[in-house]
Amino acid sequence: MDNIEKRDLELPYISDGAVMEEQKVCRRILQRLNMMDRSDFDGIAKVVKELLGKSDGAFINPPFYCDYGSHIQVGKNFFANYNCTIIDVATVTIGDNCQLAPNVAIYTAGHPIHPQSRNSLYEYGIKVTIGDNVWIGGNTVILPGVHIGDNVVIGAGSVVTKDIPSWTMAAGNPCKVIRKITEEDKGYYYKDRKFDQETWREIMALEEK
């Protein structure tokens with residue numbers, strides 16, 4: 001079994017020449033993406049499509065960093081804001097209508113704790129899964145093996161070390177559930193501020209479609 005096969009099975013592997021050749025393909029695409037005219041929205045979207053492969057309405061504000069791109073699977077209407085980093089040694093699966101605020105980092109890669117094992121150059125990747133309708137706040141770090149459910153909000157500055165259940169708001173270091181998200185939250189856009197009537201009608205009309 002070669003190191004690419006080991007990596008893809010979430011087994012310890014070494015980043016040998018074959019592994020780095022795969023990363024070179026990604027780095028060439030990222031070089032184009034991160035050097036593009038920031039006002040060329042159509043051009044950026046086209047390169048994002050090339051990087052991620054199958055995607056529907058995905059957009060990333062450069063700069064963006066990842067190892068492979070092909071290991072990132074996103075649903076409809078994915079958006080990542082400036083300076084996002086996804087270390088996609090293992091698969092990162094992200095559902096529909098997900099938003100990543102600036103400086104979000106998703107890590108699937110890790111190294112052994114003991115120095116002798118770590119100095120062997122063996123590393124690993126464990127997949128990360130994020131459900132539908134998830135908003136990840138700025139400067140959040142998501143660690144290997146984490147599963148975030150549907151309809152979740154992660155507060156800014158969080159370090160997500162464990163799974164987060166659906167329909168919750170969570171924050172902190174380590175990230176913990178603060179409360180459930182309920183129907184009562186629907187009418188508010190910020191803390192105790194309610195939508196105005198015109199905007200609320202537009203939101204309700206979208207729900208009916």
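Which residues does S158 touch, leaving aside those up to four places away in sequence? In this predicted model, the list is N139, T140, V141, A170, A171, G172 and C175. Let's start at S158 itself and then follow some of these neighbours outward.

S158 sits in the loop between β15 (153–154) and β16 (159–160). Although it belongs to a loop, S158 has a relative accessibility of 0%, and because buried means under 20%, S158 counts as buried. Its side chain also has a polar partner to look for: a polar atom there lies 3.1 Å from the backbone nitrogen of G172.

That contact takes us to a hairpin. G172 is in the turn between β17 and β18, where 4 residues separate the two strands, and G172 has a positive phi of about 110 degrees. The hairpin strands, β17 (residues 168–171) and β18 (residues 176–180), run antiparallel and are joined by 4 bridges. If you would like one pair to locate on screen, T168 has K180 as its bridge partner in β18.

Now turn to β17 and its other pairing. β17 also pairs with β15, this time in the parallel sense over 2 bridges, and A170 in β17 is the bridge partner of I154.

Finally, look at where the side chains of β17 point. In a regular strand, side chains alternate between the two faces of the sheet. Here, T168 and A170 point to one face and are buried, whereas M169 and A171 point to the other and are not. Both A170 and A171 are among the residues that S158 touches, which brings us back to where we began.

How values were computed:
Residues numbered from 1 in each chain as written. Predicted model: local features only at pLDDT ≥ 70, side-chain atom pairs only at ≥ 80, totals over all residues. Heavy atoms only, no water. Buried < 20%, exposed > 50% of the residue type's maximum accessible area, 1.4 Å probe, protein only. Polar contact = N/O pair within 3.5 Å; in protein donor to acceptor, adjacent residues only side chain to side chain. Contact = heavy atoms within 4.5 Å. Pairing = 2+ DSSP bridges.
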